[in-house]
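Student: I would like to take a close look at one part of this protein, going slowly from a single residue to its surroundings. Could you guide me through it?

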Amino acid sequence: MSRRHLGLALRGVAALVSLAVLATTGYGWSVYRQVSDTLVTSEALGDQAPAGLDSEFTALLVGIDSRTDASGDPLPPAVLAELRAGEDEGQFNTDTIILLHVPAGSVASASAVSIPRDSFVEVAGGLGRHKVNAAYRRGMAAAEDALTARGLTGPALERATREAGRRTLVDTVEALTGVTVDHFAEINLAGFVEITEAIGGVPVCLNNAVSEPRSGVDLPAGPQVVSGGDALAFVRQRHDLPDGDLDRVTRQQAFLAGLARTALGTGALADPARVEALVATVTRYVVLDRGWDLDRLVAQLRRASGGDIAFRTIPTGRPDLETPVDGVAVEVDPDAVRAFVTGLFDPETIRERLAAPLGDDAAAPTTVRGVPVPLTTQTPSPTTAPATTTERPITAATVPCVD
């Protein structure tokens with residue numbers, strides 16, 4: 001592994017890892033074409049001219065709480081039972097939102113930035129201030145009446161409203177972060193579960209045993225391998241965690257480090273049956289923007305894998321912000337978020353980061369508790385906490401134990 005930080009993000013990245021693995025396994029061109037020809041695509045980004053393979057790009061990666069597949073067909077009852085996802089807290093909530101930025105160059109040091117799902121933000125389209133995970137769903141609802149008036153019904157209406165939801169989410173994230181989204185990838189709960197099963201499970205480690213009925217998690221302390229419903233419960237839990245949604249982000253980071261290590265570094269997909277299962281999952285549950293064809297995606301991810309992918313989280317304030325309509329949310333300062341993300345993705349900042357000597361925090365942690373580091377020296381008001389982020393990213397060098 002490279003000496004610099006390697007951190008990876010969750011469900012959207014899981015889909016991209018799966019696609020890259022399929023394209024580079026020994027099953028070759030026939031499998032590759034099968035995935036490419038049957039993927040569901042989105043026009044949420046409009047008609048964008050594709051950038052060169054060595055050009056920088058930023059992708060929005062989304063994990064969605066949906067009880068339908070990528071084509072809009074309802075999930076079978078047996079699949080829903082395996083998800084153990086509990087009550088439907090709102091169809092089409094986006095529980096994982098990640099910006100992946102790959103700089104220009106043949107060997108790139110990429111950055112993945114997580115936006116906690118409970119971040120309280122301005123939703124695009126004049127839809128007001130809400131948790132960011134509701135932007136997709138609210139965009140769908142706002143477009144439904146106009147689309148129905150145009151005569152759309154059934155599956156056609158479902159596809160059109162989902163495209164409106166994707167556009168609303170993209171616009172919301174762009175306004176919040178100050179960066180332009182070049183590509184989009186989406187995967188739902190069932191796809192996440194089946195990817196973990198296809199690769200034979202993911203190594204994780206817990207500091208303490210956990211049992212929490214709303215997420216369905218019930219796991220012992222210590223290192224273990226999880227897949228299917230257990231894997232989904234591991235990354236979905238936010239109740240009974242000290243920092244709620246922020247602690248869940250740490251869980252997700254640790255999980256994805258293990259997923260990448262298993263899928264790309266252990267030969268887990270040398271088994272034809274596992275490859276076949278992965279093909280079925282990707283083609284049923286993954287959505288890519290129309291301009292991100294599989295050939296281009298794989299070439300760009302190969303370029304990114306030549307460097308490091310460092311995972312970070314946007315700066316946040318208090319995690320218990322009371323809101324008028326959305327309950328308790330995570331406070332964010334849009335100015336601080338834009339400064340953080342645009343600075344992180346700035347080419348000069350990237351060059352300085354690569355040139356900097358390796359610090360003491362480079363060693364992979366074996367225990368992670370998300371120690372906050374203030375990003376501002378201003379004295380906070382009694383109702384506003386300073387924006388914070390985590391001190392160092394989770395790495396893939398070990399299996400880090402998390403809360």
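Student: Is Arg 138 buried, partly exposed or exposed, and what is its relative accessible area?

Tutor: Keeping in mind that this is a predicted model, we can say that Arg 138 is partly exposed, because its relative accessible area is 25%, and a residue counts as buried under 20% and as exposed over 50%. Arg 138 forms a salt bridge with Asp 326, and the closest N and O atoms of the two are 3.8 Å apart. This pair links distant parts of the chain, since Arg 138 sits in helix α4 (residues 135-149), while Asp 326 belongs to the loop between β14 (321-322) and β15 (328-329), 188 residues apart. Asp 326, for its part, is buried, with a relative accessible area of 15%.

The structure holds 13 salt bridges, and another one of them joins Glu 186 and Arg 166, with the closest N and O atoms 2.8 Å apart. Here Glu 186 lies in strand β7 (residues 183-188) and Arg 166 in helix α5 (residues 154-177), so the pair ties together parts that are 20 residues apart in sequence. Glu 186 counts as buried at 2% relative accessibility, and Arg 166 is buried as well, with a relative accessible area of 4%.

A further salt bridge is made by the side chains of Glu 212 and Arg 214, at 3.2 Å from N to O, and Glu 212 is buried, its relative accessible area being 1%. In addition, salt bridges that share partners join Asp 95, Arg 117, Asp 118, Lys 131 and Arg 236 into one network.

Notes. Residues numbered from 1 in each chain as written. Predicted model: local features only at pLDDT ≥ 70, side-chain atom pairs only at ≥ 80, totals over all residues. Heavy atoms only, no water. Salt bridge = Lys/Arg side-chain N within 4 Å of Asp/Glu carboxyl O. Helix = DSSP H or I, 4+ residues; strand = E, 2+ residues; numbered from the N terminus. Buried < 20%, exposed > 50% of the residue type's maximum accessible area, 1.4 Å probe, protein only.
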